[in-house]
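Good morning, everyone, and thank you for making the time. Please have the sequence and the structure open while I talk, as I will move through them piece by piece.

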Amino acid sequence: MRGASSLDDIYDCAIVGAGFGGLGAALALAEQGARVVVFEAFKLPGGCASTFVRDGFAFEAGATLFSGLGPRELFGRWNARHHLGLTFDWLDPVVTLRTPRFTLPALRDREAFLQQLCALPEVPERQVRAFFDEQRRVADALWTLFDDPTLLPPLSLRALVRHGGRVRQTLALLPLVGRPLGEVLERHCLSRCAPLVAWLDAVCQITVQCSAAEAEAPFALGAMDYFWRGTGHVRGGIGALAWGLLRAVERLGGAVRLADRVQAIESEGELHRVRARRGSVRARSVVLNLLPGDARRLLQARAADEQPLEDGWGAVMRYLVVDEPPDAPEHAHHVQVIADDTQPLVEGNHLFASISGRHDGPRAGPGQRTITLSTHLRLRPFLALPEPEQASKMEQIQARLRHTFTQHLPEWAARVRHELTASPRTFEKFTLRTGGLVGGPPRRAGLGNYRQLGPLLLAPRVFLVGDSVFPGQSTLATALGGVRTAEAILRALSIERRALFAPPPDEPVAPFVLPRKVERERTEPARTP
């Protein structure tokens, strides 16, 4: 029988990619005493949700909001448990929607938001309140799973028993499964309520990545609660959270290899050899925080196994340094703009703006803010164009994005001092995601959304995490997917180590439990910088 020394040069898990799916898996594993190594091709963690520095200014890589920051939620718990020292700002409004016909702030108080929505012209209050009553029931059922990922598949006996106590709540979801949100609006006689539809389209575009009419109803109804579920701003940028999680992994004994791109993963019996630019390691299991196609190429899958580029979106970006307007709020804030609500929310007709706060760290010079603007474009048709046509298309989208920004946020647009632009090609270079695909696959209505609910296994002991994998596309959802994958790996490690260190037949067998590095919960508050 092999001795303990045979374990010393083998990692329990190698994590490829330090996006939030990989970080979630790495930290959950390290907390339980597993030996992990994290590979990241670039010099900073976070992937698509990172904070980068160019020309001396710090920008969010993508314009978006972040949830899970509340004290009872995943990032809030990690912040306190690992003393990350991060400050979360609770914004009010969380985001403001601007259209040519109305402005609607998503206030932190749900009832106050509903009052503002119902006060708009053409909004029937009785039907809208009935719709939001149903939405709240669905969201309460789904966000329970986000707060406690052990209730997600694969289910233990204990989880099944707990689900039994929620059977009425769960059964209420079944009539919506596989149905579009548009049908729910029709049932409430709201499909022609222009302000509500515009708001829903804006919410769905940044969460489930498609219009409200075509979105899978449970996903969309759950996403509508985004603004009331621990959503806020990480002071210093979302990159501060990514760095905090990565350093927590290191403090728990994990190895971190930044700027070390993995080139191939090879099976060696029960182990995997992870070959990277600065040398290889062996690991019992591997977690890939990549797109499915990129993961297959890393596994050196046969050409016949290759699949076309996943359907989804590319991002067109503008990164701005702006002199602060006199009446600008002190805190960071976010604005969504729809230039024409009769047209699709793509290619500059819709933008999302993330604006840094006055006390957000050294993001720009004194009296200045940084702004990240983003808009969607359909990636596959764009990449099918010849390169000269791609360049022309990009110029058109950038021009419309700039025009929409100027028309609807004039108080900021008049004070731009420095700007950078980015395209899907930029995102591909920055994230190594083929084509620059961002945001995960659109959650259009259909039962295919539920085909793979458990951790996604690509090969024996090789798992996929990220925005292409259930439970979804947000930073919180990808981190939760990483946690669930870690739980599956820990169960396998426990079984394997029982067999490896089995006592002689005449000795009693004691249950093996992986050493716990930290308590499940701590009650002390997080430190502030």
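At what angle do helix α1 and helix α10 pack, and how far apart are their axes? Before I answer, please keep in mind that this is a predicted model, and that the values I quote are computed from it. Helix α1, which covers residues 20-31, packs with helix α10, residues 238-251, at an angle of about 30 degrees, and their axes are 9 Å apart. That angle makes α1 roughly parallel to α10, and α1 passes α10 in a left-handed crossing. On the side of α1 the contact is made by F20, L23, A26 and L27, while α10 contributes I238, L241, A242, L245, L246, A248 and V249. If we sort the residues of this contact by character, we find 11 nonpolar, no polar and no charged.

Let me now turn to the other partner of α1 that I would like to show you, helix α2. Here the axes of α1 and α2 come within 13 Å and cross at roughly 50 degrees, and the two helices are therefore oblique to each other. This crossing, in which α1 passes α2, is left-handed. The residues that make the contact are F20, G24, L27 and E31 from α1, together with F75, W78 and R81 from α2. The contact of α1 with α2 divides into 4 nonpolar, 1 polar and 2 charged residues. You may notice that F20 and L27 of α1 appear in the contact with α10 and also in the contact with α2.

Is helix α2 itself enclosed or open? In α2, which spans residues 74-81, 8 of the 8 residues are buried, so the helix is largely enclosed by the rest of the structure. The buried residues are L74, F75, G76, R77, W78, N79, A80 and R81, and charged residues such as R81 can be seen taking part in the contact with α1 as well. Just after α2 comes H83, which takes a positive phi of about 50 degrees.

With those helices in mind, let us step back to the whole protein. Its secondary structure comes to 16 helices and 19 strands, and of its 529 residues, 56% count as buried. Among contacts between residues at least 6 apart in sequence, 72% join residues at least 24 apart. The protein exposes about 23,000 Å², and carbon and sulfur atoms supply 53% of that area.

I would like to look at three buried residues in turn, beginning with P218, whose place is in helix α9, residues 217-223. P218 is buried, with a relative accessible area of 4%, and although P218 and V138 are 80 residues apart in sequence, they are 6.7 Å apart in space, C-alpha to C-alpha. Leaving aside residues up to four places away in sequence, P218 touches V138, L142, L176, V177 and Y450.

The second is Q209, in the loop between α8 and α9, which is buried with a relative accessible area of 5%. Beyond residues up to four places away in sequence, Q209 touches several others, among them W313, H376, V438 and Q473.

The third is F352, which is found in strand β15, residues 350-355, and which is buried with a relative accessible area of 2%. F352 and T96 are 256 residues apart in sequence, yet 9.9 Å apart in space, C-alpha to C-alpha. Again not counting residues up to four places away in sequence, the residues that F352 touches include A63, V95, I206, H334 and T372.

Finally, where in the backbone should we pause? A cis peptide bond joins D92 and P93, with omega at about 5 degrees, and P93 lies in the loop between β5 and β6. A259, in the loop between β9 and β10, has a positive phi of about 55 degrees although it is not a glycine. L432, likewise not a glycine, has a positive phi of about 65 degrees; its place is in the loop between α15 and β18, and at 30% relative accessibility L432 counts as partly exposed.

Thank you for listening, and I am glad to go back to any of these places.

Methods: Residues are numbered from 1 along each chain as its sequence is written. This is a predicted model: local features need pLDDT of at least 70, side-chain atom pairs count only at pLDDT 80 or more; totals for chains, interfaces and linings use all residues. Side-chain values use heavy atoms; hydrogens and water are left out. Axes are lines fitted to C-alpha atoms, for helices over the stretch in contact, and angles run from 0 to 180 degrees between N-to-C directions. Helices (H or I, at least four residues) and strands (E, at least two) are DSSP runs, numbered from the N terminus. Angles under 35 degrees count as roughly parallel, over 145 as roughly antiparallel, 65 to 115 as roughly perpendicular and the rest as oblique. A crossing is left-handed if the near helix is turned anticlockwise from the far one by less than a right angle, and right-handed if clockwise. Contact means heavy atoms within 4.5 Å. Ala, Val, Leu, Ile, Met, Phe, Trp, Tyr, Cys and Pro count as nonpolar, Asp, Glu, Lys and Arg as charged, and the others, Gly among them, as polar. Buried means under 20% relative accessible area, exposed over 50%, partly exposed in between (1.4 Å probe, protein chains only). Accessible areas come from the Shrake-Rupley method with a 1.4 Å probe; for residues, only the protein chains shown count as cover.
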